Structures are given as C-alpha cells and as structure tokens.
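Please walk me through this structure in a few paragraphs. I have not seen it before and would like to know what to look at inside it.

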Amino acid sequence: MKDCDIKTCQEIAKTIFKNVEKLLKGQVGNPKAGQFVKIGADGTPTSYIDIIAEDEVIKILENADFNSYLISEEIGELKLGFGKQEPISLREELYKELDEDKKAKFIFLIDPVDGTSNAIKNIPSYGMSIAVAKVPYGREATLNDVTLGFVKDYANGNYYEAIKGKGATLNGKKLKPSKETEIDKITLGGFTKSKTDAVSKLVDTARRMRVLGSVVLELAYVADGKYDSFLDLRGSRIIDIAASKLIVEECGAIVTNRYGEKLDNKLSIYEKTVVVAAGNNTLHKKIIKIINNDDLDPVKSIGVVSRVDEYKSILFSLKIIETLLEKNIEVVIEESLSKALNKLKYDKNLDKIIKETIESTPEIAEHIENLNWDIDFKKYELCLNEFNTSLVVILGGDGTLLRTQNQMKKQIPIFGINMGTVGFLTEIEVANTFKALDEIIKGNCYKENRTQIMVSHENQTSRALNEVVIMTARPAKMLHYEISVDGEVIEELRADGVIISTPSGSTAYSMSAGGPILDPQVPGFIIIPICPYKLGVRPFIVSNESEIKIKLLKRGKKAIYVMDGQIQKEVNYMEELIFKKSEKEVEFIRLNNKYFYKKVKDKLTEGGINIINRVL
C-alpha cells in the first residue's frame with residue numbers, strides 16, 4: 001500500500017474513533033443503550049449502542065472522496081463513497097469487471113463496539129477495531145490482504161496500530177510481547193468453553209485466567225504482554241480479529257487456528273475461526289499440543305509391526321528398524337515380524353528376493369538395496385500384548401492395523417504406513433516414511449482419538465474400531481432382527497445382517513452396504529441393515545451416547561457377529577447384543593489435521609483398484 005493511502009486510512013481511523021467515542025459518552029452505563037433493535041447481518045442481536053456507532057462509521061466512509069467496501073457487524077457488506085451507499089456481496093463484487101472510477105480503493109472491516117455488554121454496564125472493557133485490506137479484484141479477499149490494523153481501547157484511551165511489514169505500536173511506542181514459555185506462569189485470556197479434558201488441563205495449569213468479554217482488546221493484549229496467551233475456542237468472527245491479528249503478528253507474536261496453521265480466512269461477515277495466540281513460538285507450540293490433546297511424552301521407544309505375507313513390507317520394515325536404531329530410539333519388534341526377518345536373513349535366495357522386490361516395487365528400491373542384516377532380531381522381539389512403547393509403527397493396510405490394535409492391551413498411539421490396498425486408516429504412503437518419522441520424533445505431529453464400540457453378549461465384552469457385523473451362520477439365509485435404541489424399538493425386519501458402525505468404519509463395510517460417510521468428529525454410530533426384505537428401510541445414525549440392542553427373533557436360527565473382520569462369535573435365538581461407546585479410544589498419530597476428506601476423495605474414488613499389486 002502506498003504511503004499516501006496509509007496516511008489516508010490512518011486519518012479516517014482516527015476520525016472514526018474520535019467521533020464514535022463522543023457518541024458513546026452519553027450511552028456507556030445507560031441501560032437504554034442496550035435495548036434490542038434488530039438481528040444484525042451476522043445473525044446476532046444488535047443493541048441501540050451498536051447502531052449509533054455503526055451509523056457514524058457509515059457516514060464517514062460514505063462521504064469520502066473515494067469508493068470503499070465495508071464489512072461491519074450490524075449492516076453487513078456495503079459499497080460506500082462519493083455520498084452514496086450500496087448493499088453488495090463482496091465476493092461477487094470482486095469478480096466483476098468494473099471501470100476504474102467504480103472500483104474501490106480499500107476494504108474496511110469494522111466492529112463499531114466490541115464488548116457491548118460491558119459498555120452498557122459501564123465495565124471498562126470495550127473497544128473498537130478497524131482493519132484495512134487491499135482490494136484483490138479477480139479473487140476472494142482473505143486475512144492475508146489486511147495491511148493496516150487499528151484498535152482503540154475506549155476505557156483507558158490506548159491506541160494500537162499496525163502496518164504490515166513495518167511493525168506495531170501502542171500509543172506510538174513499539175510493542176513487545178511476552179517471552180514467558182512456562183504454562184504454569186502464564187496469564188491466559190479469552191474464551192475456552194469446551195467439553196474436552198485437554199482444555200481444562202490448560203486452564204487449570206495456567207497461573208491466571210482472564211475473561212474480559214472483548215475479543216478485539218484481549219487479542220491485542222498479547223501484543224504488549226498484558227496476556228501471555230489468548231484463545232477463542234468458540235470461534236471469533238473475522239471482523240473482530242482482523243485488526244488485532246495484524247497487530248499481534250507485526251510485534252513478533254503468534255496467532256493461528258487450533259492446529260497451529262496461519263489464519264487466512266476469507267473476508268466475510270459470516271466467517272469465523274478458532275484463535276490461538278501467544279507471545280512467543282515456544283509457548284504457542286505447547287498450547288497447541290495441549291488443546292489438541294497432543295502433549296505426547298518424548299518418543300523414546302517405538303514398536304514396529306508389519307504384515308508378513310509379502311516381501312516388500314518385511315524388507316521395508318527392516319529399513320525402518322535400522323533407521324530408528326541409528327537415531328538411538330529404543331525399538332521393539334513384533335514377534336511374527338521378528339521371525340519373518342530372521343527367516344529371510346538366512347534364506348539362500350535373499351539376494352534374488354531383494355532384486356525382484358526392487359523391480360516390482362520401485363518406490364522402495366533405494367531403501368532396501370543395502371540393508372543391515374547384522375541386527376539381532378530376537379533381541380528386540382516381543383508379543384503384541386506386551387507392548388509398552390511410546391508409539392507403534394504399523395506397515396500394512398487397514399486389516400493389519402485393526403488386528404494390531406485389537407491385540408494390544410495398552411492404549412498406545414498408532415502410526416500407519418500404507419502397504420496394503422486402500423489403507424484408509426493409515427497415515428502415509430511409503431515415499432514419505434522417513435521424513436514423517438523425523439517429524440514424529442521431533443514432536444511435530446497430532447494425536448487423534450477415534451471412538452470404539454463395545455459389544456456385550458452373555459456377560460462377555462469385546463471392542464471394535466470399525467464395525468460389528470451380525471449375520472447368519474448359514475450363507476444365503478436371512479435372519480429376523482429386532483433393533484432398539486435406548487429401550488425404544490426402532491425397527492423389526494428380516495435381513496441378511498446388520499452392521500453397527502463407528503465413524504471410522506463408515507468408510508469400510510458400512511459404506512459398501514449403502515451407509516453414509518461420517519466425519520470422525522461426529523459423535524454417532526450408524527445402524528445399517530444388510531439387504532433387508534422390507535421397503536423403506538434405511539440406515540440410522542444415532543448418538544454414540546445411546547445404547548443399541550439387537551435381538552434374534554427367529555427360533556432355530558443361529559447368527560454370528562464379527563468385530564472388525566477379526567473376531568467371530570456365535571449368538572442364538574432371543575439372545576441380545578448390546579452396543580455402547582467404549583471408554584477406551586484408539587489413538588492415531590497424524591501429521592496433518594486436514595486429512596479425512598482428502599482421503600475420501602483420493603482413496604475411495606477408485607476403491608483401491610489402481611494400487612500397485614502385492615509382491616509375495
């Protein structure tokens with residue numbers, strides 16, 4: 001932005017702040033100022049005090065000798081200038097072909113009064129923010145286009161200002177954020193309302209917690225060290241944070257979403273984002289890990305599990321073991337893999353096997369050409385049910401992963417490397433293995449918890465990550481089922497079977513049987529009848545807090561129920577299967593939080609048909 005444009009915007013901001021402050025003097029502490037007027041453009045209630053402040057903003061920009069776009073809390077989106085105002089859709093406007101004289105010079109994002117309730121009750125925590133963005137014709141405008149940020153704290157007169165690339169000031173003096181890095185010493189501000197234990201842990205550990213009721217001011221407080229950190233886990237409106245975000249970043253502090261990613265949301269009255277800000281990078285990383293339940297202990301030991309029915313997986317697992325040992329990581333090798341490696345070690349055709357695997361699987365060629373066969377595999381061997389490592393690396397497809405987690409007694413985080421067909425539950429393909437392991441060892445990863453379902457039958461309980469399938473023990477025979485949820489019968493039908501699926505299983509057998517795909521964050525279970533002999537029967541999605549019961553009604557017919565395709569048991573006439581959410585979850589290590597929908601698109605479109613053939 002040109003210096004002359006910066007000066008123009010600075011003068012407009014100061015004029016707006018000055019004029020609005022005069023108007024507020026007669027309203028602060030006045031209950032009538034809080035009188036409801038309408039629902040604002042953003043869908044929240046608008047008070048009289050908000051209207052008078054916004055009207056002043058509109059008047060100033062309307063009478064300017066240039067066009068500008070305004071995004072404001074109550075009025076929505078306008079085009080203003082040369083004595084005119086026009087309601088617009090900013091997105092549509094930016095894609096229009098306009099004559100030069102009709103183009104706008106700036107986009108203003110303004111929250112006329114942030115902390116309205118405080119102002120009405122004369123609580124000294126309310127302010128105003130003005131962000132100015134460049135106008136990017138031909139594409140949508142985002143937070144990255146914001147060039148200027150101004151915030152006025154009306155209670156004490158403090159004035160924050162930031163110019164992109166030129167720093168940030170408070171009352172003309174350079175801002176210095178906090179250098180505190182210890183959670184138990186910080187002052188934490190903001191809105192942390194959440195049902196997660198992780199956030200409770202953060203709040204309980206912090207030395208002080210402040211909730212002042214003004215996002216604009218409290219985010220700006222990170223810039224000058226009044227707060228060591230600020231969170232809004234409800235989701236802040238973009239118009240509230242646009243100016244303060246720039247102020248925080250220009251002073252060298254950090255502000256991101258809950259996953260540590262830079263905020264670049266589109267500029268819109270409707271847009272919201274979770275905000276996590278901290279005075280320094282070290283503190284910010286610690287907070288990100290805590291609120292995402294990713295505060296893993298340092299990786300000291302790693303268990304390695306692999307499918308052992310193909311050479312490529314066995315050979316590649318050796319390269320992983322070799323690499324981890326070189327990094328001084330304690331390694332545990334699953335018993336069957338250890339035996340497979342030991343058998344290959346002494347196979348007289350080993351060189352031929354490696355050569356053929358290289359030819360058929362070129363993506364791992366460079367990793368298996370010069371393997372270290374001097375490792376004593378027996379020394380590192382252990383049964384799966386005895387694993388007690390920091391995490392487990394699994395080479396295989398979803399079947400290998402499901403078998404592994406079913407056999408482990410302890411809840412150990414899982415990292416899957418796809419050596420199978422689809423590998424929906426696995427995290428990466430083989431090409432990214434060693435870069436990924438480096439990031440995990442450094443702690444640059446996320447922990448994702450997946451819900452399991454617990455099935456009870458005749459005083460025995462079992463768990464499944466994907467699904468439980470009830471079907472006839474005799475092929476091509478239907479069974480008669482009664483399905484109830486929380487004591488209420490929802491369906492009675494004849495069918496080949498019934499699937500009770502978790503969100504994780506919604507991309508597996510459930511999907512093939514016509515069930516919906518569920519985001520893993522959805523707290524629900526899916527009930528899917530398999531080939532029902534009844535018109536109008538459709539899958540049900542029920543709360544994962546519900547109790548589901550399935551009863552066999554046909555005398556003389558037996559059924560089996562299968563958990564994750566691994567464990568099979570028998571159920572007889574009039575016996576009940578009871579399904580509930582398991583208290584034990586499965587933990588996955590993720591390198592990217594935005595993986596689910598990409599996997600749906602990448603892996604399920606062709607159903608794994610184009611995957612490289614297995615090598616035995």
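About 60 Å³ of space lies in the largest cavity of this predicted model. The structure holds one cavity of 30 Å³ or more. Its walls are formed by Gln405, Met408, Lys410, Gln411, Ile412 and Ile414, together with Lys584, Glu585, Val586 and Glu587. By type, this lining consists of four nonpolar, two polar and four charged residues.

Next come the nonpolar cores. In soluble globular proteins, nonpolar side chains tend to be buried together. The largest nonpolar core here has 48 residues, and Tyr69, Ile107, Leu109 and Leu267 touch the most other members. Helix H7 (residues 238-250) supplies the largest share of this core, with eight residues. Another core, of 41 residues, lies apart from it and includes Ile333, Trp373, Ile428 and Cys445.

Ile107 can be followed further through its contacts. Leaving out residues up to four places away in sequence, Ile107 touches Tyr69, Ile71, Leu90 and Leu267. Ala131, Val132, Ala133, Lys134, Val135, Pro136 and Ala141 are also among the residues that Ile107 touches.

A last stop is Asn257, in the loop between strand E15 (254-256) and strand E16 (272-278). Is Asn257 buried or exposed? Its relative accessible area is 13%, which is under 20%, so Asn257 counts as buried. The side chain of Asn257 makes a polar contact with the side chain of Glu261, at 2.9 Å. Beyond four places in sequence, Asn257 touches Leu263, Thr273, Val274, Val276 and Ile288.

Methods: Residues are numbered from 1 along each chain as its sequence is written. This is a predicted model: local features need pLDDT of at least 70, side-chain atom pairs count only at pLDDT 80 or more; totals for chains, interfaces and linings use all residues. Side-chain values use heavy atoms; hydrogens and water are left out. Helices (H or I, at least four residues) and strands (E, at least two) are DSSP runs, numbered from the N terminus. Buried means under 20% relative accessible area, exposed over 50%, partly exposed in between (1.4 Å probe, protein chains only). A polar contact is a pair of N or O atoms within 3.5 Å; within protein, one must be able to donate a hydrogen and the other to accept it, and residues adjacent in sequence count only if both atoms are side-chain atoms. Contact means heavy atoms within 4.5 Å. On a 1 Å grid over the protein atoms alone, a cavity is a set of points where a 1.4 Å probe fits but cannot get out, and a pocket is an open set with protein on both sides within 12 Å along at least five of seven lines; lining residues have an atom within 4 Å of a point. Grid points are joined across faces, edges and corners, and a volume is the space filled by probe spheres set on the points. Ala, Val, Leu, Ile, Met, Phe, Trp, Tyr, Cys and Pro count as nonpolar, Asp, Glu, Lys and Arg as charged, and the others, Gly among them, as polar. A nonpolar core is a set of buried Ala, Val, Leu, Ile, Met, Phe, Trp, Tyr and Cys residues joined through side-chain atoms within 4.5 Å.
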